[in-house]
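Me: I am in my first year and would like to learn how to look closely at one part of a protein model. Could you take a single helix, go through it slowly, and then show me how it sits among the rest?

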Amino acid sequence: MTHEYGSDPHHLASAPVVVGVDGSAAADSALTWAAEVALERGRELRIVHGLDLNGMRDVFGRYDVWVPPVLDGVRAQGAVLVERAQRRALETAPGARVTTEVSDDGPAEVLMRYSATAYLVALGASGTNSLLAHVGSILLSVTSHAEGPIVVVRTDPDADHRARADGPVVVGVDGSPVSESALAAAFEEASQRGAELVALHAWNDLTIGQFAGDPYLLFPVNEIETDERLALAERLAGWQDKYPDVEVRREVCLAAPAAELLRWSKSAQLIVVGSRGRGGFRSLLLGSTSNALVQHAHCPVMVVHPAK
């Protein structure tokens, strides 16, 4: 099913699936996942590799005689890396439209730049531990500051490090504006994949603040849960009208959202969350739930940023 998205650049026909590569096993898994998505959805796959030459110049700047040959060597290695990645992508998804780019910018800069117009941006959950790829900081930078949907391709070690291809799409819903953007992306993903959508609303607000005892003794939890189920149904109603092909399962529970979503990630093919939730500060660009998932989930995690 297709829908009109107006001028949304992420849904233009020209918007590519972008994946960052660095030669690591994690990046290869992200490449495989992105190639399959690009082929299935008729989109270009753009493979990008950031060299971070400014960082190189900072390191070697005092040794001017070494700079030109070092930079030439780094560029040559980058060209070889993306060529291999292109071959791997075409082996995974024969017939896909694949382009490559080696950029002088750092990996995070490249991916964030593409995120403004990409259909989605994919990256591995970890990578090489070299001068050119401090992947922990790259992961945090991209998931925190990018635009549109960012997918951290976490894989199942029991499935030959491939992303799970079955199971539901699971979305975390908390009623925030960012959560609404996540719902839009989750319904689209479930529709595209022919998968069940699990809309999960988990909350633990009752344990916050001055109340240290059993929340069930302090609050009418059954009544609160009934109200939360009604609110969730209202939030989902409009999306179910737009995507009548998507079967929706509603889950409401008193629990920590991150813990519940991590549990679901063991059987889901994709977890979708907003970049920050209703409890986050506006200056905190990646919320605690999103941060926990991109670091520990057992399946790919899509972090959706609100439209600017």
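Reply: What follows is a close look at helix 6, with the whole chain as a frame and a few other places afterwards.

Please keep in mind from the start that this is a predicted model, and that every value below is computed from it. The protein chain has 10 helices and 12 strands, and of its 308 residues, 48% are buried. Its accessible surface comes to about 14,900 Å², with 52% of that belonging to carbon and sulfur atoms. If we take the contacts with a separation of 6 or more, 78% of them are between residues 24 or more positions apart, and it is worth remembering this figure when we come to pairs that join distant parts of the sequence.

Now to the helix itself. Helix 6 covers residues 177-193, and with its 17 residues it reaches 25 Å from the first C-alpha to the last, which is close to the 24 Å expected at 1.5 Å a residue. Among its buried residues are Val 178, Ala 182, Leu 183, Ala 185, Ala 186, Phe 187 and Ala 190, but the buried list also includes Ser 179, Glu 188, Glu 189 and Ser 191. Just after the helix comes Gly 194, which takes a positive phi of about 65 degrees.

What holds a charged partner to Glu 189 within the helix? Arg 193 forms a salt bridge with Glu 189, and the closest N and O atoms are 2.9 Å apart. Both residues lie in helix 6 and are 4 residues apart, about one turn of the helix. Their surroundings can be described separately: Glu 189 counts as buried, at 3% relative accessibility, whereas Arg 193 counts as partly exposed, at 23%. The pair also belongs to a network, since salt bridges that share partners join Arg 41, Glu 189 and Arg 193.

Another residue of the helix takes us to a second helix. By the rule used here, the count comes to 2 aromatic pairs, and one of them, between Phe 187 and Trp 239, is stacked, with 6.3 Å from centre to centre and 20 degrees between the planes. Because Phe 187 lies in helix 6 and Trp 239 in helix 8 (residues 221-242), this pair ties together parts that are 52 residues apart in sequence. Phe 187 counts as buried, at 0% relative accessibility, and Trp 239 also counts as buried, at 14%. Ring pairs link Phe 187 and Trp 239 with Tyr 243 into a cluster. On the side of Trp 239 there is one more partner to look for, as Lys 242 lies over the face of its ring, at 4.5 Å from the ring centre.

If you follow the chain past the helix, you come to strand 9 (residues 197-203), where Leu 200 is found. Leu 200 counts as buried, at 3% relative accessibility. Leaving out residues up to four places away in sequence, Leu 200 touches Val 170, Val 171, Gly 172 and Val 173, along with Glu 251, Cys 253, Glu 260, Leu 261 and Trp 264. The C-alpha atoms of Leu 200 and Asp 174 are separated by 8.5 Å, although these two residues are 26 residues apart along the chain.

For comparison, you can look at charged pairs elsewhere, as the structure holds 10 salt bridges. In one of them, the side chains of Glu 101 and Arg 113 meet at 3.7 Å, N to O. Glu 101 lies in strand 3 (residues 98-103) and Arg 113 in helix 4 (residues 107-115), so this pair ties together parts that are 12 residues apart in sequence. Arg 113 also meets Asp 105 in a salt bridge, at 3.9 Å, N to O, and it lies over the face of Tyr 114, at 5.4 Å from the ring centre. Glu 101 is partly exposed, with a relative accessible area of 22%; Asp 105 is partly exposed, with 30%; and Arg 113 is partly exposed, with 42%.

A last place to visit is helix 1 (residues 25-40), which contains Thr 32. Thr 32 is buried, with a relative accessible area of 11%, and, leaving aside neighbours within four places in sequence, it is in contact with Arg 88, Thr 92 and Arg 162.

Conventions. Residues are numbered from 1 along each chain as its sequence is written. This is a predicted model: local features need pLDDT of at least 70, side-chain atom pairs count only at pLDDT 80 or more; totals for chains, interfaces and linings use all residues. Side-chain values use heavy atoms; hydrogens and water are left out. Helices (H or I, at least four residues) and strands (E, at least two) are DSSP runs, numbered from the N terminus. Buried means under 20% relative accessible area, exposed over 50%, partly exposed in between (1.4 Å probe, protein chains only). Contact means heavy atoms within 4.5 Å. Accessible areas come from the Shrake-Rupley method with a 1.4 Å probe; for residues, only the protein chains shown count as cover. A salt bridge is a side-chain nitrogen of Lys or Arg within 4 Å of a carboxyl oxygen of Asp or Glu. The expected span of a helix is 1.5 Å times one less than its number of residues. Rings of Phe, Tyr and Trp (its six-membered ring) pair if their centres lie within 6.5 Å; planes under 30 degrees apart count as stacked, over 60 as edge-to-face and the rest as tilted. A charge sits over a ring if NZ of Lys or CZ of Arg is within 6 Å of the ring centre and within 35 degrees of the ring normal.
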